[in-house]
Amino acid sequence: MRLLVFRQRNFRNLAFSAFQPPQGLFALVGGNAQGKTSLLLGIHLALGGEVRASLADLIRFGEEEAWLQAEVETELGLYRIEQRLRPEGREIVLNEKAVSLRALHELPGSVLVLPEDVEVVLGSREERRAFLDRLIGRFSRRYAALLSAYEKALRQRNALLKAGGNGLSVWDQELARYGTEIMAFRRRFLKRFLPIFQSVHRSLAPGEVGLLLEETAPGDLLEALRTRREEELARGQTLVGPHRDDLVFLLSGRPVHRFGSRGEAKGVALALRLAEHRLLSEHHGEAPLLLVDEWSEELDEGKRQAVLAYTRTLPQAILAGLWAPEGVPVCWVEGGVVLC
């Protein structure tokens, strides 16, 4: 897939109306706070991505909404995506038709690599679960629907636990039904994802990388809920299930968040994103747009060269940073304006 034109109004500190990116690999170069990250975030959102920041924080201060538009070329044709961002939500139009965010996942979209991705590896189990859930959701409508149904059942069950537990059996069964399918989805997905992740990591750094899904109820979830009933009533919350599980990253058999250095964690996080890009490429039959922010930050020469080698194979990729790799075309960013 290739981005032909990106247009915006009132998105963060961007100060241009339209940007026509070059084909192939190119670099966005500029000082800090000049708009490089804002441009990558805007493109990623326009193509159907999600970011950590709230929508209100993405709108220029003093404005009520932001507007994004992307024209893309895929092997199946041309698409125009428009979005209005308001604090309360996103309105999305694809080729003049209002659609849901989920509809954009039918296109290759983009993969955004950010410095803070390292927190997926080193941060809380909530960070790791959220990464896994968002990634599987890009491939499966069913999985996203299951998560929504599970979260609803979980809220109901927790409310009953706090109120004394009357009527818990019905919600035990609901939670177990959705939770069992979610756990099966995760296991199947990781079985497919792991070889790709390992292959990408080998190109970046030494050390055998692995993934371990730590489940709070590895056997029968319904039985686990019944076994922990008294403890859950005392604490007023559900203590087992996929909402409590953890995705652990291993390096040479040891959990990275406990034993790895920050440099090692950075390599694992980068491998995660590049593996996501490879899997999406296989799934769609063409590569998503790859966006890499602060592309050389905390990376040694070997990892930088591996990133360059991969991005040079793609129909389009953007490396943003304070400097550009030798031989890579440059677009300069200053004061929210892009000059190529």
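Before I begin, one definition: when I call a residue buried, I mean that its relative accessible area is under 20%, while exposed means over 50% and partly exposed is what falls in between. Please also keep in mind throughout that what we are looking at is a predicted model.

With that in hand, let me start at helix H1, which runs over residues 36–46 and is mostly covered, since 10 of its 11 residues are buried. Going along the helix, those buried residues are Lys 36, Ser 38, Leu 39, Leu 40, Leu 41, Gly 42, Ile 43, His 44, Leu 45 and Ala 46. Just past the end of H1 we come to Gly 48, whose phi is positive, at about 105 degrees.

Now let me step back to what precedes this helix. Strand E3 covers 24–29, and the loop between E3 and H1 holds Gly 30; Gln 34 sits in the loop between E3 and H1 as well. The UniProt record, in an unreviewed entry, places a "binding site" at Gly 30, Gly 31, Asn 32, Ala 33, Gln 34, Gly 35, Lys 36 and Thr 37.

Are Gly 30 and Gln 34 buried or exposed, or partly so? Gly 30 has a relative accessibility of 11%, and therefore counts as buried, whereas Gln 34, at 23%, counts as partly exposed.

As for what surrounds them, and leaving aside neighbours within four places in sequence, Gly 30 is in contact with Lys 36, Gly 321, Leu 322 and Val 333. On that basis too, Gln 34 is in contact with Asn 13, Val 333, Glu 334, Gly 335 and Gly 336.

Let me widen the view to the whole chain, which has 12 helices and 15 strands. Its radius of gyration is 22 Å, which agrees with the value near 20 Å for a compact globule, because that is what 340 residues would give. Along its principal axes, the C-alpha trace spans about 65 × 45 × 35 Å. Buried residues make up 54% of the 340 residues, and, of the contacts between residues at least 6 apart in sequence, 71% join residues at least 24 apart.

Turning to the surface and the charges, the chain exposes about 15,500 Å², of which carbon and sulfur atoms supply 49%. There are 45 positive and 45 negative side chains, and the centres of these two sets lie 3 Å apart.

Finally, the UniProt record, again in an unreviewed entry, annotates residues 9–313 as "domain: RecF/RecN/SMC N-terminal". Over that stretch the chain is 49% helix and 19% strand, with the end C-alpha atoms 32 Å apart.

Note on methods:
Residues numbered from 1 in each chain as written. Predicted model: local features only at pLDDT ≥ 70, side-chain atom pairs only at ≥ 80, totals over all residues. Heavy atoms only, no water. Helix = DSSP H or I, 4+ residues; strand = E, 2+ residues; numbered from the N terminus. Rg over C-alpha atoms; globule rule 2.2 N^0.38 Å. Buried < 20%, exposed > 50% of the residue type's maximum accessible area, 1.4 Å probe, protein only. Contact = heavy atoms within 4.5 Å. Areas by Shrake-Rupley, 256 points an atom, 1.4 Å probe, with all protein chains shown as cover. Lys, Arg positive; Asp, Glu negative; His and termini not counted. Charge placed at Lys NZ, Arg CZ, Asp CG, Glu CD. UniProt positions renumbered as here; feature names shortened; annotations may be inferred.
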